[in-house]
Amino acid sequence: MSAPEDWRRWVVYQVYPRSFADSDGDGVGDLRGIIGRVGYLHRLGVDVVWLSPVYRSPMDDNGYDISDYQDVDPLFGTLADLDELIAELHARGMKLVMDLVVNHTSDEHPWFTESRSSRDNPKRDWYWWRDRPANWESLFSGPAWTLDEQTGQYYLHLFSTRQPDLNWENPEVRQAIYAMMRWWLDRGVDGFRMDVINMISKDTSLPDTTPRPGSRHGPAFQYFICGPRNHEFLQEMYWSVFAGRDAHVLTVGEMPGVTVPEAVLFTDPARHELDMVFQFQHVQLGFGANKFDLRPLHLPDLKAAMADWQQGLAGRGWNSLYFGNHDQPRSVSRFGDDGPHRIASAKTLATVLHLHRGTPYVYEGDELAMANAPFTAITDYRDIETLRFYAEAVERPGADLAALLAAMARMSRDQGRTPVQWDASPGAGFTTGTPWLAVNPDHTTVNAAAQVGVPGSVFEHYRGLIALRHEDPVVTDGDFELLLPDHPAIWAFLRRTARAELLVAANFSADVMDAALPLDADWAAASVVLTSLNGDSPLQLPPDLKLRPWESVVWRRARS
Ligand code: NOJ
């Protein structure tokens, strides 16, 4: 029997099914491929698997456009395969969290085909239909309202034209969603990662927004981010779906643009909304007007972004911790050094992330230090966001397409979606066929076969971090204090409970770095728990540190 707070010790691993493991040689990952790798996940030590969507879908947005919430797409397998995956995970004490995409459906979902069939269809009001569109911009470029010729009205789609937004104001919509969620829980799933769940409550007056210069459309976040009924809907969901279940159901809400004060409300256990949210502050650093408008990323800004959330949610809410996922480029390429220091920097990133307070998310392949692929041409990409952004730029007179392609190689979502590198064979052990997205050529050296069970590997470092969280309460419970916030290259912090403290110090640069930590001299006698340079002692012990390139060290001492 687990204690009610046990879930706070869990580590989550994200599987993006399309790219994880292909069992049938069609070039696309599938459920049987995942089943074949459950032993690997167990060995890594993760507690929970979050599965990106495997539901029936026309795949306009790789499954984030769902046409049947209660079936598996044949591309990925069958419901029986999913049941087997759940059983295999449960047999090893692991859990499965499904993606829940209920801000929108696919345009092929029967709810939408009915809704669009006539103005007086009973499901007309399940989506947003208007005679006159607001001038909102879609998050995948272009307008967010599209005319449906047949009935002469416009419908809202914050994402692609094939992802119409559900109207959560309609209670029948909400009840249908809750019933579907209960069905999955009854089937054995252990929770949900909720896609853009802070977009479900809109400003119902749907007002126009300020257009971008030179455009009729503009971003309209203020009209759909954390809208007026967001908390009410999530509380209603809690009482309709989660309340009274025996085991803890894990819930995490993806929330672009959420602020710390809002997140405190979403994650305060007393309010019964969500366990945690994915905030975006730290992954929105390093660019300007859009993600392909790159700017230098300064370490003090990254540290501050993470520390704000540590302080802001301390005591009441709960953080989720991530550097990468299927919407982000590879974390070692973005925040680390994917050249000569790839291994040390991947370990250092993991160390810093996992030793913050909150639930760490391992994105598939990060535990192997997978890096961005050398993509150069637009034909290298499959992602709808990247392709649509590029298509718009092509239409814009004077757009610098070469610069855009260079930025895409650093920031495109497809960089996080290249197939997982299992071994050095031509398909990287991912597929025997032609992969749907190119395998990174570095798989000949960067792969699981070369790392699992190999001391000093990135995989074994992740294992160590996960085990540390399971064993040492200071990792889960300790307070967080950022040290040297303005240091341009050292990321250092303390974690502290009444019984123990951890000191984490990391060099985020390719140079030897000095740092005088504001700590007592006794730290020099503390024991080293983990290092990124395979047990080497640092050149100088705390409090006066000297760290080698991308070196990170974790010390622990008991408190008397
Ligand atoms: C967020 C998901 O993570 C992303 O992959 C998707 O494109 C959008 N939501 C729309 O569902």
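This passage walks through a predicted model, taking in one helix, the nonpolar cores, the ligand's surroundings and a few unusual spots in the backbone.

Helix 3 makes a handy starting point. With 13 residues, covering 79–91, and a rise of 1.5 Å for each, helix 3 should span 18 Å, and its end C-alpha atoms do turn out to be 18 Å apart. Which residues of helix 3 are buried? They are Leu 79, Asp 81, Leu 82, Leu 85, Ile 86 and Leu 89. Looking down the axis of helix 3, these buried residues fit within an arc of 160 degrees, so they line one face of the helix. The spacing makes sense, because an α-helix has 3.6 residues a turn and residues three or four places apart point the same way. Over on the other side of helix 3, Ala 80 and Ala 91 are exposed.

The buried residues of helix 3 have plenty to pack against: helix 1 (31–35), helix 2 (38–44) and helix 5 (171–187), along with strand 2 (48–51), strand 4 (68–72) and strand 5 (95–100). Just past the end of helix 3 comes Gly 93, with a positive phi of about 75 degrees.

Zooming out, the largest nonpolar core contains 167 residues, and Trp 136 and Met 181 have the most contacts inside it. Helix 5 supplies the largest share of this core, 7 residues. There is also a second, separate core of 18 residues, with Leu 494, Leu 503, Met 513 and Ala 526 among them. As a general rule, nonpolar side chains in soluble globular proteins tend to be buried together.

Now for the ligand. Which of the 13 residues around the ligand come nearest? The answer is Asp 61, His 104, Asp 195, His 326 and Asp 327. Some polar atoms can be picked out here. A side-chain N or O atom of His 104 sits 2.9 Å from an oxygen atom of the ligand, while for Arg 193 the distance from such a side-chain atom to a ligand oxygen is 3.0 Å. Asp 195 also takes part, with a polar side-chain atom 2.8 Å from an oxygen atom of the ligand.

Two of these ligand neighbours deserve a longer look. His 104 belongs to the loop between strand 5 and helix 4 (110–117). Is His 104 buried or exposed? Its relative accessible area is 1%, under the 20% cut-off, so His 104 counts as buried. The side chain of His 104 makes a polar contact of 3.0 Å with the side chain of Asn 103. Setting aside neighbours within four places in sequence, the residues in contact with His 104 include Tyr 64, Tyr 69, Phe 159, Asp 195 and Val 196.

Asp 327 is found in the loop between strand 12 (320–321) and helix 9 (331–334). With a relative accessible area of 15%, Asp 327 is buried too. The side chain of Asp 327 has a polar contact of 3.2 Å with the side chain of Arg 413, and another polar contact, also listed at 3.2 Å, with the side chain of Arg 417. Once neighbours within four places in sequence are left out, Asp 327 is in contact with those two arginines as well as Glu 254 and Lys 291.

Asn 319 lies in the loop between helix 8 (299–313) and strand 12, and at 7% relative accessibility it is buried. Asn 319 and Phe 278 are 41 residues apart in sequence, but their C-alpha atoms are 7.8 Å apart in space. A polar atom in the side chain of Asn 319 lies 3.0 Å from the backbone oxygen of Trp 309. Not counting residues up to four places away in sequence, Asn 319 touches several others, including Met 276, Leu 313, Arg 357 and Thr 359.

Finally, the backbone has some quirks. Where does the loop holding both Val 196 and Leu 206 run? It runs between strand 9 (191–194) and helix 6 (230–242). Val 196 has a positive phi of about 30 degrees despite not being a glycine, and Leu 206, another non-glycine residue, has a positive phi near 45 degrees. Val 196 is buried, with a relative accessible area of 3%, and Leu 206 counts as buried at 7%. Further along, the peptide bond from Pro 542 to Pro 543 is cis, with omega near 10 degrees. Pro 543 sits in the loop between strand 18 (527–531) and strand 19 (544–547).

Terms used:
Residues are numbered from 1 along each chain as its sequence is written. This is a predicted model: local features need pLDDT of at least 70, side-chain atom pairs count only at pLDDT 80 or more; totals for chains, interfaces and linings use all residues. Side-chain values use heavy atoms; hydrogens and water are left out. Helices (H or I, at least four residues) and strands (E, at least two) are DSSP runs, numbered from the N terminus. The expected span of a helix is 1.5 Å times one less than its number of residues. Buried means under 20% relative accessible area, exposed over 50%, partly exposed in between (1.4 Å probe, protein chains only). The arc is that of the directions from the helix axis to the C-beta atoms. Contact means heavy atoms within 4.5 Å. A nonpolar core is a set of buried Ala, Val, Leu, Ile, Met, Phe, Trp, Tyr and Cys residues joined through side-chain atoms within 4.5 Å. A residue is near a molecule or strand if one of its heavy atoms lies within 4 Å of it. A polar contact is a pair of N or O atoms within 3.5 Å; within protein, one must be able to donate a hydrogen and the other to accept it, and residues adjacent in sequence count only if both atoms are side-chain atoms.
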